[in-house]
Amino acid sequence: MSAFSPEQVARRLGEWRDEGGPLYEALASAVARAIEEGVLPPGGQLPAERRLAGELHVSRGTVVAAYEELRGRGLVETRHGSGTVVRAGGSPVSGPREAYVASSLAGDGLFRGAVAREDDVLDLYGAYWFGTEALDEDAVARATSRVLAAGADHGYHVLGLPALRAAIAGWLTDRGLDTRPSQVMVTTGAQQAISLAAQLYVGAGDRVVVEEPTFAGAVDAMRAQQATVLRVPVGANGADVAALGEILARESPRLVYLIPSVHNPTGGVMPRLARQRVAELVADADAVVLDDATLLETQRHGAIVPPIAAFADASTQRRLVTVGSFSKPLWGGLRVGWVRAEPPTLARLARLKAIADVGTPLLSQAIVAELLEDADERFGMRREGLGARHDVLVERLARDLPEWRWDEPLGGLCLWVDLAGQDAEAFVPVAERHGVGLAPPGVSSASTRYPSHLRVPFGQPPEVLHEAVDRLAAAWEAYRHEPTGERRRVLV
C-alpha cells in the first residue's frame, strides 16, 4: 500500500478552494475527483487529518469532516493501523500498480504548466523555451514538401526518418562522438528515450543510480519500473565520480543515469577527465550508463565536451546509451529526441518503441532534419537568446531578492537558487498565490539535502521574467511576514 504525503495530495488537488461552498465540502469534492480520475488510486493511504490540515492551511476539523463525507460516498475507508485509505472501486480504471506509480512520481509539479495552464499564473514550473523563433517558415515548408513527396511511403519508421538519423549521426560526430546512422534511433522526445531505456534495463527491485539533484522525469521513469533509486551527490563539476565508483562496487546497480553535459538543474558540466574515469568504471562494472545530453547545445561558457561514450572502448560502448532531444535548442513542440547506442541495443529499444507509438511523427522529424542543415547557426542563436533571458532574470533577482543565492550555471534554462536557507516547499504555494508557478523542491531533490533550493527557469520572454520577479518579490515579502504559527521552519 502506498502512502501519499500531504505535499503530494495538495499538488494533486490543485486549486480546490475554487469549488465553492463550505470548505469541507469543497475539499471532499476535490479529493473525490482525484480518486475518480485515478490521481489518488485505490489502496493509497491519505495523510492523517492534522498533517493534511497543516499543508492546506485549514483546520483539522475541516479535513475530518471532508474524510467523513468521502466515507459516506464510499470512496474511502478507515483501517485500523492504516488510517484513511482509498477504497477499491472508487476509480474503475485504477489498480495497485497505478497506486504505486502515482505515489512515487516526482515530476507532477514539473510539468504542471504544460498540463493545466492557468491564465493568471506565470509558468515557471518547467525549464523550457517559450517561442518558435528557431522554426522559420521556409524550413517548415521544405520539410512538408519532402514528406508529401514520399508518395507511396507507408509513413512508419520505428527507428526514425533515415535523413534525420543521418543528420543526428553527423551532428554527434561533429561534437566529438563518432556516430553512424545505424547507431541512432529517433524518439518522441528525450523523455521517451529515457523511459524506453528504463523499460529495457530495469525491473522491480533493481538498483539504479541517479544524481542528487537531478531531472525528475528520469527518476519517474525508473520508479515506474519499481526500481530502488540510489543517489550520488553532484558538485560544480557534475556527479562525484569517486562516490559513484563506491556505489558501483558496493551496490552493483543495473543502471546509472547521469547528466554530464550541462546538468539539470545546477547547470554544471562534467570535465573531460571525469568522463574518462566514468567510462573506465563502466568497463569494470556490470551496469549500463544512460548519458543524458539533452542540454548539451545550451552550454554558453567553456568548450563543449563530448558525451561519455566518446571515451569508451568498443567493448564498453555496449553498456553506454546516450540520449537527448532538440526540445531545448530548437522547440519542445517538435517532440523529437534521440538515442545513440550500439545496433543490437537499438534493435531491442525499437521493439519497445513500436509497442509505444510505432514511430515518431514524420513531419516533426523532417523539420528537425531541415533545421540541422545549419545547426551551428541555429543553436548559436538559441544560446544567445538564453544568455539574454538569463541576464534579465539574474539582474532582477540580484536587485529585488538579494538574499537569494545561486552558482552561475554554464548552460541550461534555469538557476538552482537557495532561498536564503528558508523552506522552499513552504514558499511555493505562497508564490502561486501571488501568480508565479514554481515546481516544488522535491521535483529535483528527493532527499533533505536541498530543502531551501528551487529551480527558477528563465525560458520565458524578458517581459514575463520582469513581471515574474515583481510577483516573486511580493511573495517573498509575504512569506517572510507570515504569522509564526503559519510559518514553516527556518533551515539554517
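**Entry: Leu122**

I began with Leu122, which is buried, with a relative accessible area of 15%. The model is a predicted one, and I kept that in mind for every entry below. I placed Leu122 in strand β3. Leaving out residues up to four places away in sequence, I listed what Leu122 touches: Gly435, Val436, Gly437, Val464, Glu467, Ala468 and Arg471. I also took a C-alpha distance, and Leu122 and Gly435 are separated by 6.0 Å although they lie 313 residues apart along the chain.

**Entry: confidence**

I looked up the pLDDT next. The protein averages 90, and 90% of the residues score at least 70. I marked residues 484–492, where pLDDT stays under 50. For that stretch the model has 20 contacts beyond four places in sequence.

**Entry: nonpolar cores**

I asked which elements supply the largest nonpolar core, with at least two residues each. They are β3 (122–124), α16 (375–400), β12, α17 (424–433), β13, β14 and α18. The largest share, eight residues, comes from α18. This core has 39 residues, and I noted those with the most contacts inside it: Leu397, Trp404, Leu415, Leu419, Phe427, Leu438 and Leu472.

I then followed Phe427. Not counting residues up to four places away in sequence, Phe427 touches Trp404, Leu419, Leu438, Leu454, Leu472, Ala475, Trp476 and Tyr479. Apart from the largest core lies another, of 29 residues, and I recorded Leu196, Tyr201, Leu346 and Ala350 among them.

**Entry: aromatic pairs**

How many aromatic pairs does a search of the whole structure find? I got 11. I took Trp416 and Tyr450 as one to examine: the pair is edge-to-face, at 5.5 Å centre to centre and 65° between the planes. The pair links distant parts of the chain, with Trp416 in strand β12 (residues 414–418) and Tyr450 in the loop between β13 (436–438) and β14 (453–457), 34 residues apart. Trp416 counts as buried because its relative accessible area is 9%, and the cut-off is under 20%. Tyr450 is buried as well, with a relative accessible area of 13%.

I turned to Trp476 and Tyr479, which form a stacked pair, 5.6 Å centre to centre with 25° between the planes. Both residues are buried. They are three residues apart in helix α18 (residues 462–480), so about one helical turn separates them. An α-helix has 3.6 residues a turn, so residues three or four places apart point the same way.

I also found a cluster in which ring pairs link Trp171, Phe326, Trp338 and Phe379.

**Entry: charges over Trp129**

I checked what sits over the ring of Trp129. The charged end of Arg382 does, 4.0 Å from the ring centre. The charged end of Arg389 does too, 3.6 Å from the centre.

**Entry: helix α1**

I asked whether residues of α1 (6–13) are buried or exposed, and found the helix mostly covered, with six of its eight residues buried. The buried residues are Pro6, Gln8, Val9, Ala10, Arg12 and Leu13. Just after α1, I noted that Gly14 takes a positive phi of about 65°.

**Entry: strands**

I went through the pairings. Strands β1 (residues 76–79) and β2 (residues 83–86) run antiparallel and are joined by four bridges. Glu77 has Val85 in β2 as its bridge partner. The two strands form a hairpin with three residues between them, and Gly81 in the turn has a positive phi of about 85°.

I then traced an open sheet of eight strands, in the order β4-β11-β10-β9-β8-β5-β6-β7, with mixed pairing. β4 (184–187) and β7 (238–239) stand at the edges with a single partner strand each, so one side of each has no neighbour in the sheet. Within the sheet order I looked at β8 (residues 255–258) and β9 (residues 288–292), which run parallel and are joined by four bridges. Leu258 has Asp291 in β9 as its bridge partner.

Last, I returned to β12, which is mostly covered, four of its five residues being buried. β12 pairs with β14 in the antiparallel sense over five bridges. I noted Cys414 opposite Pro457 in β14.

Key
Residues are numbered from 1 along each chain as its sequence is written. This is a predicted model: local features need pLDDT of at least 70, side-chain atom pairs count only at pLDDT 80 or more; totals for chains, interfaces and linings use all residues. Side-chain values use heavy atoms; hydrogens and water are left out. Rings of Phe, Tyr and Trp (its six-membered ring) pair if their centres lie within 6.5 Å; planes under 30 degrees apart count as stacked, over 60 as edge-to-face and the rest as tilted. Buried means under 20% relative accessible area, exposed over 50%, partly exposed in between (1.4 Å probe, protein chains only). A charge sits over a ring if NZ of Lys or CZ of Arg is within 6 Å of the ring centre and within 35 degrees of the ring normal. pLDDT is the predictor's confidence in each residue, from 0 to 100. Contact means heavy atoms within 4.5 Å. A nonpolar core is a set of buried Ala, Val, Leu, Ile, Met, Phe, Trp, Tyr and Cys residues joined through side-chain atoms within 4.5 Å. Two strands pair if DSSP finds at least two bridges between them.
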